[in-house]
Amino acid sequence: MTGERESITTVMANGGRPPGSCREIKIIDTTLRDAHQSLWATRMRTEHIVQMAPDFDKVGFEQVDLVAPIQFDVAVRYLKEDPWERVRLAHQYAPNSTFRALIRSKNIAAFDFLADDVIEAWVESLYKNGFRVIGSFDGLNDVDNIAPGLIRAKELGASTFGAVSFSESPVHTDELFVSKAIELIEKADVDAIMLKDAAGLLTPDRIRTLVPALKAVIGDRSLEIHSHCLTGLAPLVYLEAVELGADALHTSIAPMANGAAQPSTQDIVSDLRALGYVVNVDDERIETISQQLIAIAEAEGKPVGHPVAYNGLHFMHQLPGGMLSNFHSQLATAGLSHRFTELLYEVARVREELAFPIMITPFAQFVGTQAVMNVISGERYKIVPNEIKKYALGYYGELLGPIDPDVLEKIISNGSSTIALEPSPIAPMLPGLRERYPDEGIDLLLLRAMFAGTQVDEMIRTVKAGGNPDEVYGPILGLVKSLYAKSSTGTQSLTVGDLQIRINKGETENAA
């Protein structure tokens, strides 16, 4: 082997490092946030989290990632749960855990930017509801979009992290990412830098140059590595990153790991210890949570993560895992399922023409929608969504490169004429909401700022009525059926909180 430093694979093959020769590596758990976002379409419910929270409280994770904007979105629109109540219950049932919250630029759960008063109030509500670690990311790595929220979080007393969102393209160089980390420190004085690889694009070769470059400029701040297993490389990337000085890794507990989710906590911890690193987590508690996740998945028919094979095409389209299934559905509805691969190539082409936006919310959705319209309509950029025109005109921040001139002309010509060529300042939103809903607190007003129509009202009605029957009773019935199917003779039983389900063949008894 050549080179000054042995690779991880060589070190592992040689039996690892002597015990105790290396430092402690922190584990930031993503099971309750990004893992089910990646594998269950964000359908983990509050009852699931409450059920597992006492065990999470005793594992010893450095932090537990609990919410990003999509957890609020799905809770309100689909689960009909109060996401703020979920946050409060998680803190109640795991009082010793350090939960963290992630903010998405200035649009939080919407696609369009929200007024500054909403962003500031959002940070304040996160802190008021228990979060002491708050971070933010922007799909264009435009630090000016996220610095004000991070500054406000620090003023309140929270520890903060700024995300450097990773992507592969001619404009996404190590020098760019280093400059963004420096900017986050200079403008927001963040306590940690999170290298955020939402599309699972990091490779061992790239991490070998990027981690040392970031560590050289962030001082004693923690460097966190966050990736997904979409190309199968993330576990090796994690181990290489640690060898190069990374301080914390984002992992999820199997079976809510691998696939589109993060590397498995169990596997990463085992490998780190084999290399001589100290990882202070309770393996038995992790296994208890793993069994709970298996039971939920089996009872409710939810998928679990599996390792995936390397796929080079992924580096061209760079789509997050959840969008691929949506594309299958969209094309099937249009009778164009046979054009799926063509669509992936079109996504790559659109992204290049639009100056290589990072395929992360909301820009992954913008690029993907434009590609679908190009394929279905048969004429590229004949139909232009409002968000694409706004993106091209700089409504969402400074682009990292020029848009293809011919494409830009089509976007401006074919996009909505109601969109001004220059964005205007956004007027404060909260005064009007307070006037319309004088009896509601700030938490509900913030939800109303993000969700149009009657969505918040429907959520409130459902919560008052005792829950969403489709999301609550359906899974319970599925659990009963699962227990019944497993019971050939004798009795099967399960206790969840105050609910006990006991199945005798031919008899179902439900006792509180």
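Hi everyone, this is a short tour of the charged residues and two helices in this structure. Please keep in mind that we are looking at a predicted model.

Let's start with salt bridges. How many does the structure hold? The total is 40 salt bridges. I'll walk you through a few of them.

The first stop is Glu24, which pairs with Lys26. The closest N and O atoms of that pair are 3.1 Å apart. Are these two residues buried or exposed? Glu24 has a relative accessibility of 33%, so it counts as partly exposed. Lys26 is at 28%, so it counts as partly exposed too.

Now please move along to helix H15, which covers residues 340-353. Just ahead of that stretch you can find Arg339, which forms a salt bridge with Glu342. Here the closest N and O atoms are 2.8 Å apart. Arg339 is partly exposed because its relative accessible area is 23%, and Glu342, at 38% relative accessibility, is also partly exposed.

Further along H15, Arg349 forms a salt bridge with Glu353, with 3.4 Å between the closest N and O atoms. Why are these two about one helical turn apart? Because they sit four residues apart in helix H15. Arg349 has 44% relative accessibility, so it counts as partly exposed. Glu353 is at 11%, and buried means under 20%, so Glu353 counts as buried.

Before we leave H15, take a look at Glu352, which lies in this helix. Glu352 joins Asp404, Asp406 and Glu409 in forming a negative surface patch.

Next comes a network. Which residues does it link? Asp82, Glu85, Arg88, Lys128 and Asp443 are connected by salt bridges. Lys128 is a handy bridge to my last topic, helix H6, which spans residues 116-128.

H6 has 13 residues, and at 1.5 Å a residue they should span 18 Å. The end C-alpha atoms of H6 are 18 Å apart in the model, so the expected span and the model agree.

Which residues of H6 are buried? They are Val118, Ile119, Ala121, Trp122, Val123, Ser125, Leu126 and Tyr127. After H6 comes Gly130, and its phi is positive, near 115 degrees.

To recap, we went from the Glu24 and Lys26 salt bridge, through helix H15 with Arg349 and Glu353, to the network that includes Lys128, and we finished with helix H6 and Gly130. Thanks for listening, and do have a look around the model yourselves!

Note on methods. Residues numbered from 1 in each chain as written. Predicted model: local features only at pLDDT ≥ 70, side-chain atom pairs only at ≥ 80, totals over all residues. Heavy atoms only, no water. Patch = residues over 30% accessible without salt bridge, like charges linked within 9 Å, V, L, I, M, F, W, Y side chains within 5 Å. Areas by Shrake-Rupley, 256 points an atom, 1.4 Å probe, with all protein chains shown as cover. Salt bridge = Lys/Arg side-chain N within 4 Å of Asp/Glu carboxyl O. Lys, Arg positive; Asp, Glu negative; His and termini not counted. Charge placed at Lys NZ, Arg CZ, Asp CG, Glu CD. Buried < 20%, exposed > 50% of the residue type's maximum accessible area, 1.4 Å probe, protein only. Expected span 1.5 Å × (residues − 1).
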